[in-house]
Amino acid sequence: MMKNIKITAIVGSLRKDSYNRQLALAAKASLKDLAEFEILEYADVPLMNQDIEFPAPAAVSRVREIIKASDGIWFFTPEYNHYFSGVLKNLIDWLSRPVSETEPQVLTGKPAAISGVTPGMSGTALSQDHLVTLISYLNMDVMNVPRLTIPSIMQQLNKDAKLELTASAPYLEKQAKEFVSFIRNR
Ligand SMILES: Cc1cc2nc3c(=O)[nH]c(=O)nc-3n(C[C@H](O)[C@H](O)[C@H](O)COP(=O)(O)O)c2cc1C
């Protein structure tokens with residue numbers, strides 16, 4: 001029997017009604033039973049400060065354990081000033097540091113996929129390019145094709161102003177399937 005795949009979603013927005021969080025939930029639905037899928041909750045991770053790095057704060061240990069137990073990480077990034085968000089950079093900075101003198105950082109070699117959505121025209125392309133530069137530097141195993149950039153999200157909302165993908169739905173489904181294959185082929 002094939003091993004169950006565990007994908008952890010990292011959403012670069014802490015906003016309750018975040019479109020990127022809603023996109024992560026749509027990705028979960030697209031994956032069906034191909035993989036387990038969990039959104040990482042990290043609002044309690046403190047600002048990086050080397051004065052508090054060792055021993056790691058409890059929230060940092062918790063997120064590191066979740067990443068270690070994941071077969072793949074799927075980023076859902078907003079675009080803030082043509083970049084990804086500060087909260088995401090802060091989380092990645094914590095994850096980029098060795099766990100201890102004998103245990104390396106937890107992102108090395110992890111398969112990564114990237115998607116993002118904006119109300120405007122950019123669809124997060126610039127933010128994603130910056131994120132690829134960072135996570136490649138950290139030795140993540142990035143699936144560069146396909147990535148998903150969704151502009152003008154107001155055109156894919158339902159009457160309750162919630163994300164309900166129409167034109168982008170097949171692309172999300174394709175990315176979900178390809179990410180599972182990408183992970184299985186590693
Ligand atoms: C500080 C800040 C900077 C932003 N810069 C951009 C930008 O460069 N390009 C863009 O398309 N949208 C930009 N936006 C708008 C976001 O795309 C929009 O608020 C989006 O809904 C955020 O993602 P979320 O819905 O997942 O929270 C910015 C928003 C904030 C708060």
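Two strands are said to pair here if DSSP finds at least two bridges between them, and that is the sense in which strand partners are named on this tour of a predicted model.

**The whole chain**

Begin with the protein chain in a cartoon view, where five helices and six strands can be picked out, following the pattern β-α-β-α-β-α-β-α-β-β-α when read along the sequence. The radius of gyration is 16 Å, close to the 16 Å that the globule rule gives for 186 residues, so the chain is as compact as a globular protein of that length. Along the principal axes, the C-alpha atoms fill a box of roughly 50 × 45 × 25 Å. Buried residues make up 37% of the 186 residues, and among contacts with a separation of 6 or more, 74% are between residues 24 or more positions apart.

**Strands β1 and β2**

Select residues 6-11, which form β1, together with residues 36-39, which form β2; these strands pair in the parallel sense over four bridges. Within this pairing, T8 has E38 of β2 as its bridge partner. To follow the connection, add residues 19-31, helix α1, through which the chain crosses from β1 to β2 in a right-handed β-α-β crossover.

**Strand β3 and its neighbours**

Next select residues 72-76, strand β3, where five of the five residues are buried. In a regular strand the side chains alternate between the two faces of the sheet. In β3, G72, W74 and F76 point one way while I73 and F75 point the other way, and all of them are buried.

Which residue of β3 stands opposite I10? Showing the pair brings up F75, the residue of β3 that I10 faces, and β1 and β3 as a whole pair in the parallel sense over five bridges.

Now add residues 111-117, strand β4, which pairs with β3 in the parallel sense over four bridges; here the bridge partner of I73 is A112 of β4. The chain travels from β3 to β4 through helix α3, residues 86-95, and this β-α-β crossover is also described as right-handed.

**The ligand shell**

Turn to the ligand, which is surrounded by 14 residues, the closest being S13, S18, N20, P78 and G120. By residue class, this shell divides into four nonpolar, eight polar and two charged residues.

Among the closest residues, centre the view on G120, which is placed in the loop between β4 and α4 (125-137). Is G120 buried or exposed? With 11 other C-beta atoms within 10 Å, G120 is exposed, the cut-off for that class being 12 or fewer. A distance drawn from C-alpha to C-alpha between G120 and G86 spans 20 Å, although the two are 34 residues apart in sequence.

**Backbone details in the loops**

Finish with four places where the backbone deserves a careful look. In the loop between β2 and α2 (58-68) select P55, and display the peptide bond from F54 to P55, which is cis with omega near -5 degrees. A cis peptide bond also joins V145 and P146, with omega about -5 degrees, and P146 is found in the loop between β5 (141-142) and β6 (148-150).

Then select H82, in the loop between β3 and α3, which has a positive phi of about 65 degrees although it is not a glycine; H82 is exposed, with 12 other C-beta atoms within 10 Å. The last stop is N139, in the loop between α4 and β5, a residue other than glycine whose phi is near 70 degrees and which is partly exposed, with 14 other C-beta atoms within 10 Å.

Methods:
Residues are numbered from 1 along each chain as its sequence is written. This is a predicted model: local features need pLDDT of at least 70, side-chain atom pairs count only at pLDDT 80 or more; totals for chains, interfaces and linings use all residues. Helices (H or I, at least four residues) and strands (E, at least two) are DSSP runs, numbered from the N terminus. A crossover is right-handed if, with the strands pointing away from the viewer, the path from the first strand over the helix to the second runs clockwise. A residue is near a molecule or strand if its C-beta atom, placed from the backbone, lies within 6 Å of it. Ala, Val, Leu, Ile, Met, Phe, Trp, Tyr, Cys and Pro count as nonpolar, Asp, Glu, Lys and Arg as charged, and the others, Gly among them, as polar. A residue is buried if 20 or more other C-beta atoms lie within 10 Å of its own, exposed if 12 or fewer, and partly exposed in between; C-beta atoms are placed from the backbone. The radius of gyration is taken over C-alpha atoms; the globule rule is 2.2 Å times the number of residues to the power 0.38. Two residues are in contact if their C-beta atoms, placed from the backbone, lie within 7 Å.
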